[in-house]
Amino acid sequence: MHSVETFTAVDGHGVRAIVFLQGCNKRCVFCCNPDSWSPSSGKTMSVTDVFRPLLPKLGIYRKSGGGVTISGGEPLLQPRFCKALCLRAKALGLTAAIDTAAAGVERQWRDLLPAVDIALVCVKSADPARHEKITGSHDARPHRVLLAFLDACEEFRVTTWLRYVLMSAASGGDEGSDFREFATDSDAEVMGVARLAKRHENVAGVELLPYHTFGAYKWRE
């Protein structure tokens, strides 16, 4: 585990708690939580431990139609724990959401997705080559995993929102030229994400996220 926050209004509908799991196999250029990458620097917590600070706020979550969002790191790297958290949330009358960039394999998804109400999927880029650059990958496998995961979400009828970070070449500040290969604000990029959304009947919409530097201090640390 990385951390638990008991209030968010931007990670799924309604008032929600957000649970950050520790560990991620991507190295995204715009990541605001690089401290969540290492799988060995977190803390061990049980489902009971995670939900203990949430119990006094159940009425607020329920009344708003909210619940629990599991993020990271990459939650799909801990699919069994992720499923246990989702089932506990639903047992308490809350909606269960996962905030993911897609990882794992179909066997794991088929076990997890029946317990998930909402998937917030960060697509990085609809273009495999740019997706590879943004995520720090050495090949296109993470992009293929993303597409397969979106297919699985549709099969299990999980309401899905695509999340897309808009970056320009100028996002790098004084080193803006270094961001040219990562820029996602071109017409071709945006239309690619639109086509990806329209391929899946379960996609409720696309959430455009402006690039920000709120996590810059974590990179310096």
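The accessible surface of this protein comes to about 11000 Å², and 53% of that belongs to carbon and sulfur atoms. Keep in mind as you look around that this is a predicted model. Under the surface there's plenty tucked away: of the 221 residues, 47% count as buried.

Now for the overall build. You'll find 8 helices and 7 strands here. The radius of gyration is 17 Å, close to the 17 Å that the globule rule gives for 221 residues, so the protein is as compact as a globular protein of that length. Along its principal axes, the C-alpha trace spans about 50 × 40 × 30 Å. The chain also brings distant stretches of sequence together: take the contacts between residues at least 6 apart in sequence, and 69% of them join residues at least 24 apart. As for charges, there are 27 positive and 25 negative ones, and their mean positions sit 7 Å apart.

Next, the cysteines. A disulfide is a covalent bond between the sulfur atoms of two cysteines. How many disulfides does the count come to? It comes to 0. To count, two cysteine sulfurs have to be within 2.5 Å. The closest cysteine sulfur to that of Cys28 is in Cys24, and at 6.3 Å it is too far for a bond. Cys32 has a similar story: its closest cysteine sulfur, in Cys31, is 5.8 Å away, which is too far as well. Is each of these two buried or partly exposed? Cys28 counts as buried, because its relative accessibility is 7%, whereas Cys32, at 34%, counts as partly exposed.

Move along to Asn33, in the loop between strand S2 (16-20) and helix H1 (47-51). Its relative accessible area is 13%, so Asn33 is buried. Which residues does Asn33 touch, leaving aside its neighbours within four places in sequence? They are Phe20, Gly72 and Lys218. Gly72 has something to show too: a cis peptide bond joins it to Gly73, with omega about 15°. Gly73 itself is in the loop between strand S3 (67-71) and helix H3 (79-91).

Last stop: a couple of backbone angles. Ala102 isn't a glycine, yet it has a positive phi of about 80°. You'll spot Ala102 in the loop between strand S4 (95-100) and helix H4 (106-112), and it is buried, with a relative accessible area of 1%. Lys124, also a residue other than glycine, has a positive phi near 60°. Look for Lys124 in the loop between strand S5 (118-122) and helix H5 (128-135). Lys124 is buried, with a relative accessible area of 7%.

Key. Residues numbered from 1 in each chain as written. Predicted model: local features only at pLDDT ≥ 70, side-chain atom pairs only at ≥ 80, totals over all residues. Heavy atoms only, no water. Helix = DSSP H or I, 4+ residues; strand = E, 2+ residues; numbered from the N terminus. Rg over C-alpha atoms; globule rule 2.2 N^0.38 Å. Buried < 20%, exposed > 50% of the residue type's maximum accessible area, 1.4 Å probe, protein only. Contact = heavy atoms within 4.5 Å. Areas by Shrake-Rupley, 256 points an atom, 1.4 Å probe, with all protein chains shown as cover. Lys, Arg positive; Asp, Glu negative; His and termini not counted. Charge placed at Lys NZ, Arg CZ, Asp CG, Glu CD.
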